[in-house]
Amino acid sequence: MGWITTSRRRQIRAKGRTMRLSRAGGTPYVDVIGYAPPPQSAQLIEGVAQAAFICQITNDELTANPDYGYPARADRLTDGPSTYVLTDARPVYDGATVAGWTLVAMGGENTS
């Protein structure tokens, strides 16, 4: 394990929160620790975020749950009461190893 993976894990675990990543149908799913930086002031219009929801996760939870596989377009990311639809999932590499994922999503539909 390289320094990129170690640093990424430390940052996400320190600043992140539990989120659920699931296929469009709801199963299978995997609980992940994700870090979503707050929107920048330029992305706020009347106090509401108008930009994509970007979340960083480690690959640890996905590796521990082989039934899920890799994140893909149209997967759902639930963060508290809000559910987002993935528009992109990009791997983050440490050499040839996948260290984590950058998830880009839209929506934020409140499910509560």
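**Helix 1.** I started with helix 1, residues 3-15, in this predicted model. I looked up what helix 1 lies across: strand 1, strand 2, strand 5, strand 7 (82-94) and strand 8 (97-110). I noted its direction against strand 5, and the angle is about 120°.

**Barrel.** Next I traced the strand order. I found a closed barrel of 6 strands, and the order runs 1-2-5-8-7-6. The pairing is antiparallel. I then looked up the twist, which averages 45° from one strand to the next.

**Strand 1 with strand 2.** I checked how strand 1 (residues 17-22) joins strand 2. The two run antiparallel, with 6 bridges between them. For register, I noted Thr 18 opposite Ile 33 of strand 2. I also looked at the hairpin of these two strands, where 6 residues lie between them. Gly 26 in this hairpin has a positive phi, near 100°.

**Strand 2 with strand 5.** I moved on to strand 5, residues 53-58. Strand 2 and strand 5 are joined by 2 bridges and run antiparallel. Here I marked Tyr 35 opposite Gln 56 of strand 5.

**Faces of strand 2.** Last, I sorted the residues of strand 2, 29-35, by face. Which residues make up the covered face? I listed Val 30, Val 32 and Gly 34 there. The uncovered face has Tyr 29, Asp 31, Ile 33 and Tyr 35. I cross-checked two of these against my register notes: Ile 33 is the residue opposite Thr 18, and Tyr 35 is the one opposite Gln 56.

Methods
Residues numbered from 1 in each chain as written. Predicted model: local features only at pLDDT ≥ 70, side-chain atom pairs only at ≥ 80, totals over all residues. Heavy atoms only, no water. Buried < 20%, exposed > 50% of the residue type's maximum accessible area, 1.4 Å probe, protein only. Helix = DSSP H or I, 4+ residues; strand = E, 2+ residues; numbered from the N terminus. Pairing = 2+ DSSP bridges. Axes fitted to C-alpha atoms, helices over the stretch in contact; angles between N-to-C directions. Contact = heavy atoms within 4.5 Å.
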